[in-house]
Structure formats: structure tokens, C-alpha cells
Protein chains: 4
Amino acid sequence: MKADVEHSDRPRPRTKRLPRSVRERQILDAAVDVFAAHGFHQASMDEISEVAGISKPMIYAYLGSKEELFVACIQREAARLLDAIRGAVDTGLRPDQQLWRGLRSFFEYTQQYRSSWAVLHRQANAQGEPFSIELAQWRSRTRDVIAMLLARATESAEQQMQPEQMQPFAAALVGAGESLVDWWLDNPDHTADGMAMRLMNMVWMGFGDLVEGRDWKPE
Amino acid sequence: MKADVEHSDRPRPRTKRLPRSVRERQILDAAVDVFAAHGFHQASMDEISEVAGISKPMIYAYLGSKEELFVACIQREAARLLDAIRGAVDTGLRPDQQLWRGLRSFFEYTQQYRSSWAVLHRQANAQGEPFSIELAQWRSRTRDVIAMLLARATESAEQQMQPEQMQPFAAALVGAGESLVDWWLDNPDHTADGMAMRLMNMVWMGFGDLVEGRDWKPE
Amino acid sequence: MKADVEHSDRPRPRTKRLPRSVRERQILDAAVDVFAAHGFHQASMDEISEVAGISKPMIYAYLGSKEELFVACIQREAARLLDAIRGAVDTGLRPDQQLWRGLRSFFEYTQQYRSSWAVLHRQANAQGEPFSIELAQWRSRTRDVIAMLLARATESAEQQMQPEQMQPFAAALVGAGESLVDWWLDNPDHTADGMAMRLMNMVWMGFGDLVEGRDWKPE
Amino acid sequence: MKADVEHSDRPRPRTKRLPRSVRERQILDAAVDVFAAHGFHQASMDEISEVAGISKPMIYAYLGSKEELFVACIQREAARLLDAIRGAVDTGLRPDQQLWRGLRSFFEYTQQYRSSWAVLHRQANAQGEPFSIELAQWRSRTRDVIAMLLARATESAEQQMQPEQMQPFAAALVGAGESLVDWWLDNPDHTADGMAMRLMNMVWMGFGDLVEGRDWKPE
DNA sequence: TATGAATGAGTATTCATTCAT
DNA sequence: GATGAATGAATACTCATTCAT
């Protein structure tokens with residue numbers, strides 16, 4: 001049996017004319033929950049319409065096809081997450097502090113908005129899907145933000161590095177973060193601060209060595 | 001249009017009686033390819049049977065339902081990957097060398113067996129409950145292997161650490177590895193060695209600092 | 001070749017929006033006919049939807065699965081038949097007259113609603129567990145009605161009998177009736193009155209009486 | 001879930017060459033059980049072959065298609081039941097005694113051979129089936145036997161009756177018997193003798209007689 | 001003789017999407 | 001604007017039956 005998304009049973013006020021923007025938000029909220037719970041293919045437009053309290057034809061009128069709806073979800077949630085991270089980074093601070101703030105707000109966000117994160121993370125990898133482009137774009141943007149933070153950290157070092165060179169490191173950092181969140185879900189006795197510090201310690205210290213010219217080589 | 005898995009159009013030798021074990025392998029091979037290409041829900045049993053050159057009833061008779069078939073794929077591919085990693089680690093070597101070998105063979109494997117990796121990483125993740133168990137088990141086992149490697153690395157240090165304490169680091173490392181592979185697919189002008197070295201540099205150096213008592217703290 | 005239920009080939013007025021209750025009746029009517037003609041397993045939802053002039057999804061939306069649809073048929077037809085019998089019994093009459101009216105209306109009903117009877121008697125019987133419950137309930141209710149009639153007939157007699165004691169007799173009477181209807185279908189040159197009288201004579205008077213020339217006649 | 005027919009788990013002696021007649025009996029025994037348990041359509045050849053301990057190709061070689069197998073089951077079981085009844089009737093006895101003996105052995109048989117009876121009774125009504133002819137023939141033969149017994153009972157009476165005239169009475173009697181057996185299954189605290197007497201009293205004496213205190217007793 | 005291996009053909013069921021009201 | 005009614009198209013799964021060994 002599906003673990004259904006909670007349906008509120010209070011009679012929804014049908015035929016209440018609401019402005020388009022409100023309707024769209026209702027729909028997106030419901031869609032994010034349902035997609036997060038069941039994944040794209042398992043999610044049914046019927047359930048989304050039920051959870052949203054809005055009939056299917058309205059969903060099609062406002063947000064288009066199921067695919068377009070999913071893309072809209074991804075875009076909104078990705079923007080939210082990126083905004084949260086960007087908002088936490090104060091460019092006046094020292095580079096490591098900037099990274100620290102970014103990571104901490106990332107963990108805080110994932111803790112607070114489970115569905116949002118589930119849609120981005122769980123569904124984001126599915127390939128062969130028509131919307132994989134959207135998903136790849138989100139990943140790429142996230143990497144760019146992190147890569148920029150990392151590049152800034154080398155500004156004062158001997159060997160300055162360009163953001164492009166930081167891309168694989170950023171990718172690894174994002175992946176490490178995602179994976180740590182998964183582990184966190186199973187081991188919730190940690191604070192967002194604690195998680196962010198773990199990641200900082202793991203990445204930053206090693207990164208610092210690199211910046212200073214100490215690197216590891218196989219025998 | 002679906003980017004269909006290549007169908008050989010030469011008339012497959014039907015009614016050739018082959019032993020069950022051979023057929024099962026053929027089916028799993030085909031299933032991994034198709035699931036990797038389209039994902040679980042988009043993959044149709046019809047296509048799998050066509051690619052395998054075996055009729056659907058045999059698939060059901062040997063491997064059970066679509067879900068069971070998918071799980072069988074996950075299990076086989078997960079075991080293969082783990083075996084590859086374990087086989088590469090020579091416990092006689094220095095800890096960093098062990099980790100290096102493990103990571104390198106991980107990247108080599110993902111490079112060589114694209115479908116296998118795609119099924120494990122991209123598709124299995126995206127699905128809901130029924131498969132998450134299988135996938136979680138694999139993740140957990142992989143983490144255990146890595147955590148053990150990391151713990152070994154502290155044996156000669158002042159502050160020895162238990163494998164359990166290494167779990168979040170292992171999680172981060174696995175996530176970083178997965179994410180790097182994704183990046184690699186889009187930027188294939190790198191060797192498996194190069195990718196593994198990047199990860200070593202990122203993780204090992206930082207880890208080394210930790211072991212020696214240097215850690216990062218927020219202001 | 002299947003002896004298909006007559007399909008009207010004039011293009012059915014698709015997309016005509018009708019209220020749910022009307023559609024449900026149409027579906028049940030068609031289903032009773034098709035189930036009566038082919039039996040539960042041989043009947044296909046495709047044919048039912050074709051005969052009903054309604055697409056399959058509507059059938060599933062309104063009446064549920066094939067099994068539920070069959071049960072719904074059984075229930076509706078059983079209720080109809082019982083109503084017909086109950087409606088014919090005038091409790092003001094003499095007991096034998098009441099029985100006579102009940103039996104006569106039973107035969108009339110089976111004659112008039114062939115499909116209805118076929119579903120109840122021929123098809124529901126042949127199936128396994130899931131339906132036997134429904135059918136058993138109907139049988140039981142029918143027996144109760146008959147047993148009550150029989151018990152009433154003893155009210156003025158020396159040895160009054162309770163309805164429960166009449167149960168096996170009622171069972172036998174119902175079975176005799178069902179079987180007579182079968183025979184009647186192969187020998188249709190008899191009226192419903194004639195059939196009911198045969199049964200009255202057999203049951204009420206007793207065969208021994210018949211042999212000796214004593215028979216029962218309606219007033 | 002199906003209430004499966006009990007499968008013996010002791011390893012059946014495969015490839016043991018047995019004479020055809022033995023194999024055929026094994027198959028028919030299994031088929032009767034499976035058909036009785038699930039009905040014709042729900043019964044699968046796979047299950048029959050499993051219960052019989054004989055591979056499917058042998059079943060097809062010996063008994064033909066599923067339909068032919070079913071017909072063979074009906075014919076064998078019908079013959080057995082008829083033989084049991086015929087064997088119990090001693091033509092030297094008084095007519096009522098003959099009927100009594102026949103009925104009693106009928107109830108004894110149904111009690112002893114549940115599967116046999118279930119196949120004949122439960123499946124016997126299915127119409128629209130290719131084998132309904134066989135089933136109708138069995139019913140007809142049973143009626144003939146009973147009708148003959150009834151006709152004999154009128155030999156000494158003023159108004160002798162022909163067996164054909166007795167057909168509807170025989171039909172009713174058979175139906176009453178079948179129905180009583182069903183009731184008996186739910187109320188097993190009665191002996192075969194008791195059931196047969198109930199039927200005699202009902203049919204032979206007539207309900208009217210019963211009410212007035214005249215009942216039938218075996219000698 | 002005996003069977004594991006193999007399949008064609010069929011069927012219940014679901015779901016995204018649209019239209020009449 | 002808002003929705004109940006409606007469906008085409010797709011797909012997982014089953015089963016009687018046959019054939020190579």
C-alpha cells in the first residue's frame with residue numbers, strides 16, 4: 001500500500017474563485033509533496049489534484065502537463081534552496097566562514113523542508129527522462145555556487161585557481177553533502193551545525209592543504 | 001521518442017533450449033540495460049524481453065514480477081561493484097594505499113559498466129519504498145567497507161577511532177564519489193586514476209589533519 | 001465461436017454526459033447480460049464496456065474491479081428476485097395460498113428475466129470463494145422467507161413448528177424450484193402457473209397423495 | 001489467496017514408467033480435486049500437473065485438452081454416482097422403498113466424495129461453456145433414473161403414468177436433493193439416513209400430510 | 001516414455017489528458 | 001472560472017499448449 005500523503009478531510013471550499021497566483025501555489029505545494037512521496041511516475045495527477053483540493057482541469061490550465069508541472073516544482077524548489085544558501089553567505093566574511101555559512105544553511109534547509117529536498121535529491125538523478133535537462137541544470141547551478149566559494153578561498157594563496165578548476169571539487173562537495181543528509185535522516189541525533197562542521201572538517205582541511213601545495217600522490 | 005536500447009534485429013534463435021542459469025543471466029543483462037536507459041517505470045517488460053531475446057513468460061517464470069526483476073538487478077550489480085572494490089584493496093598495504101586502490105577501482109568500474117552504475121545510482125534512488133530497502137542495504141554495506149578502511153588509517157595515530165565513528169565520513173566519501181562520477185560523465189577527458197586522485201586529495205589530506213588533531217572550528 | 005451478446009453497431013453517442021446513477025445502471029444491465037451469457041471468467045471487461053456503450057475506465061471508476069462488478073450484479077439481481085417473491089405474498093391469505101403466490105411469482109420472474117436468473121443460478125454457483133459468500137447470503141435469505149411461510153402453515157396445526165425447524169424443508173423447496181426452472185428452459189411449453197402448480201402438488205400434497213388421486217388446486 | 005489443494009511434498013517418483021491406466025487415474029483424481037476446489041476456469045493445468053505428480057505434456061498426451069480433461073472428470077464422477085444409486089435400488093422392493101434406498105445412497109455418496117460432488121453440482125450449471133452439453137447429459141440421465149423410480153410407483157395405482165410425465169417431478173426431486181446437500185454441509189449434525197428421510201417425507205408424503213401428523217417411515 | 005523449456009495470445013487495470021456543461 | 005464525466009492508449013501478468021531433448 002502506498003503511504004499516502006496526508007489528505008485533509010475538511011470539505012475543501014469548491015468553486016471558490018481565487019486569484020491565479022494562489023491557485024498555482026496550492027498546486028505546486030501539493031505536487032511537491034506527492035512527487036516527493038511517490039516519485040514522478042508513481043505520482044498520479046488524481047492524487048495531486050486531491051491533495052491540492054483543486055480539480056484536474058485547473059491544474060492542466062495553470063501548470064500544463066504532468067511533466068511541466070514536475071519541472072515547475074523542481075525549478076521552484078531549486079531556487080528556494082539556492083536562495084537559502086546564497087542568502088546565508090556574507091561576502092564580507094573570510095572564505096572559510098562563507099563556506100561554513102553556506103553548508104550550515106544547506107543542512108538547515110534540508111532538515112526543514114523534507115519534501116523539497118526529497119524531490120530535488122531523490123528524483124533529480126533519474127535519467128532518460130525528458131526533464132533530466134532541468135535537473136542537470138539545477139545540479140550545475142549548485143555546483144557553480146560552491147565552486148565560486150571555493151575559488152574565492154584561493155584568492156590570497158600563492159596559486160590562485162579559477163572557478164572552472166574547482167568544478168570537480170564542488171561536485172564532490174555537493175555529493176558529500178547530499179549523502180551526509182541521507183545519513184543524517186537515519187541518525188537524527190545531530191544538529192545542523194554538527195553536520196556542517198563534519199563536512200567542513202573533512203573538506204576544508206584537506207582543501208587547505210591543497211591550496212598550500214601539499215598534495216597526496218600514489219607511491 | 002525514447003532512445004531505445006539497441007535491438008538486434010537478426011532473428012533470435014527461438015526455441016533453443018538453454019539451461020535456466022544461462023537464461024537468467026541473459027535476462028538480467030537485458031534488464032540492467034533497459035532499466036538503466038529508461039528507469040524502472042518507463043522500462044517495459046516487453047522491451048526487456050525483446051532485448052533479451054526471450055519471451056515474457058520465461059522472465060516471469062524465472063525472475064518473477066517486474067519489481068522482483070529490478071531488485072535482482074540491483075542486487076547483482078551492487079554485489080559486483082562491492083566485489084570490485086573489495087578485490088582491489090590489499091590489506092597488506094598502507095592505509096592510504098588501500099583507500100587509493102579502492103577508490104580507483106570504483107571509478108574504473110563505473111567507467112566500464114555504465115549501465116550497472118546507472119541502475120544503482122540513478123534509477124534505484126528515484127523509486128519509492130520497495131526498492132529503497134535494497135539500495136539502502138547496498139549503501140550501508142559500501143559505507144561499512146569505507147568506514148573500516150578509514151578506521152584502519154587511524155590505527156597508528158594518537159587517537160584511534162572506531163569504525164562506527166567513521167560512518168558519517170564514509171557516507172560523505174561515498175556521496176562525493178558518486179557525485180564525481182556524475183561530473184565525470186559530462187567531462188570524460190579524465191582518467192579513472194585522475195578522478196580517484198582528486199578524491200584522495202580532497203578527502204585524505206583533510207582526514208589526515210583530523211587524525212593529527214588539527215580541526216576546523218567556526219569562529 | 002462465442003455466442004456473443006448482441007452488440008448494437010449504431011455508433012453509440014459517446015461523450016454524452018450522463019449522471020453517475022444512470023451510467024451505473026447501464027453498466028450493471030450490460031454486465032448481467034454478459035455474465036449470464038459467458039460466465040464470470042469468460043466474460044471480458046471489453047465486451048461489457050462495448051455492450052454498455054461506456055468505456056472501461058468509467059466501469060472501473062464507478063463499479064470497481066471485475067469481481068466487484070460481478071458481486072454488484074449478484075446483489076442487485078438477488079434483491080430484485082426476493083422483492084418479487086415478497087411482493088407477491090399477501091399475508092392475509094391462507095398459508096398454502098401464500099406459498100402458491102410466492103412460487104408462482106418465482107417462476108414468472110425467472111421466465112421474464114432470463115439473464116438475471118442465469119447469473120444468480122448458473123454463474124454465481126460455479127465460481128470459487130469470493131462470490132459464494134454473496135450467493136450463500138442470497139440463498140439463506142430466500143430460505144428464510146420460505147421457511148417462514150412454511151412455519152406459518154403449521155400455526156393452526158396440532159404440532160406447531162418453528163421457522164428454524166423448517167430450514168431444511170425450505171432448502172429442499174428452493175432447490176426443487178431452481179431445478180424445475182432448468183427443466184422448464186428445456187421444455188418451455190408450460191406456463192409459469194403450471195410450473196408452480198407442479199411444485200405445489202409435489203411439495204404440499206406429497207407424491208403419495210398424488211398417486212392416490214388427491215391433488216392440490218388453487219382456489 | 002487460493003485455498004490450494006493439498007500438495008504432497010514427498011518427492012514424487014519421477015520418470016517412473018507406469019502403465020497408462022494408472023497414470024490416467026492419477027491425473028483424473030488430481031483434476032477432480034483441483035476442479036472441485038477452484039472451478040473450471042480458475043483451475044490451472046500447472047496445478048493439476050503438480051497435484052498429480054505428472055508433467056503437463058503427459059496430461060495432454062493422455063487426456064487431451066483442458067476441456068477434454070474436464071469432460072472426462074465429469075463423465076467418470078457422474079458414472080460413479082449413478083452406479084452408487086442404481087446399485088442401492090433393489091427392484092424387488094416396494095416403490096417407496098426403492099426411492100428411499102436411492103436417496104439414502106445419494107446422500108451417502110455426497111458425504112463421502114466431496115470433490116466428486118462439488119465438480120458435478122457446482123460446475124454442472126455453468127452455461128455458455130463448450131462442455132455444457134456433457135453436463136446437461138449427466139443431469140438428464142440422473143433425472144431419467146429418478147423418473148423411472150417414480151413411474152414404477154404408479155404401476156399399481158389407478159392412473160398409471162409414463163416416465164416422461166415424471167420428468168419434471170424427477171427434476172424437482174434432484175434439485176431438492178442437491179440443495180439439501182448444500183444445507184447439510186453447513187449443518188453437518190445429521191446422518192445421511194436423516195437427510196434421506198427428510199426428503200422422503202417431504203416429497204413422498206407431502207407437506208400437507210406432515211402438518212396433519214402423517215409422516216413416512218422406513219419399514 | 002517423460003519433461004523442462006518455451007511462447008502466442010489474451011485480459012484486467014491504470015492514468016494522463018480533454019470536453020461538455 | 002471550475003468541474004464531473006469521459007476515454008485512448010499502454011502495460012503487467014497469466015495460461016493453455018507445444019517442442020526439443
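Before we start, one definition: Ala, Val, Leu, Ile, Met, Phe, Trp, Tyr, Cys and Pro count as nonpolar, Asp, Glu, Lys and Arg as charged, and the others, Gly among them, as polar. With that in hand, please keep in mind that what you see here is a predicted model, and let me begin with DNA strand F, where the surface near the strand has 17 nonpolar, 8 polar and 15 charged residues.

In total, 40 residues surround DNA strand F, and the closest are R17(B), K56(B), S55(C), P57(C) and K56(D); of the strand's atoms that come within 4 Å of the protein, sugar and phosphate make up 60%. Phosphate oxygens of this strand have several polar partners, including a side-chain atom of R23(C) at 2.7 Å, a side-chain atom of K66(D) at 2.9 Å, and a backbone N or O atom of A43(D) at 3.2 Å.

Turning to DNA strand E, there are 38 residues around it, with K56(A), R23(B), P57(B), R17(C) and K56(C) coming nearest, and here sugar and phosphate account for 59% of the strand atoms within 4 Å of the protein. A phosphate oxygen of strand E lies 2.7 Å from a side-chain N or O atom of S55(B), and another contact places a polar side-chain atom of K66(A) 3.0 Å from a phosphate oxygen, whereas K56(C) has a polar side-chain atom 2.6 Å from a base oxygen.

Finally, an unreviewed UniProt entry lists residues 44–63 of chain A as "DNA-binding region"; in the model this span is 80% helix and 0% strand, and its end C-alpha atoms lie 15 Å apart.

Methods:
Residues numbered from 1 in each chain as written. Chains lettered and ligands numbered in written order. Predicted model: local features only at pLDDT ≥ 70, side-chain atom pairs only at ≥ 80, totals over all residues. Heavy atoms only, no water. Near = heavy atom within 4 Å. Polar contact = N/O pair within 3.5 Å; in protein donor to acceptor, adjacent residues only side chain to side chain. UniProt positions renumbered as here; feature names shortened; annotations may be inferred. Helix = DSSP H or I, 4+ residues; strand = E, 2+ residues; numbered from the N terminus.
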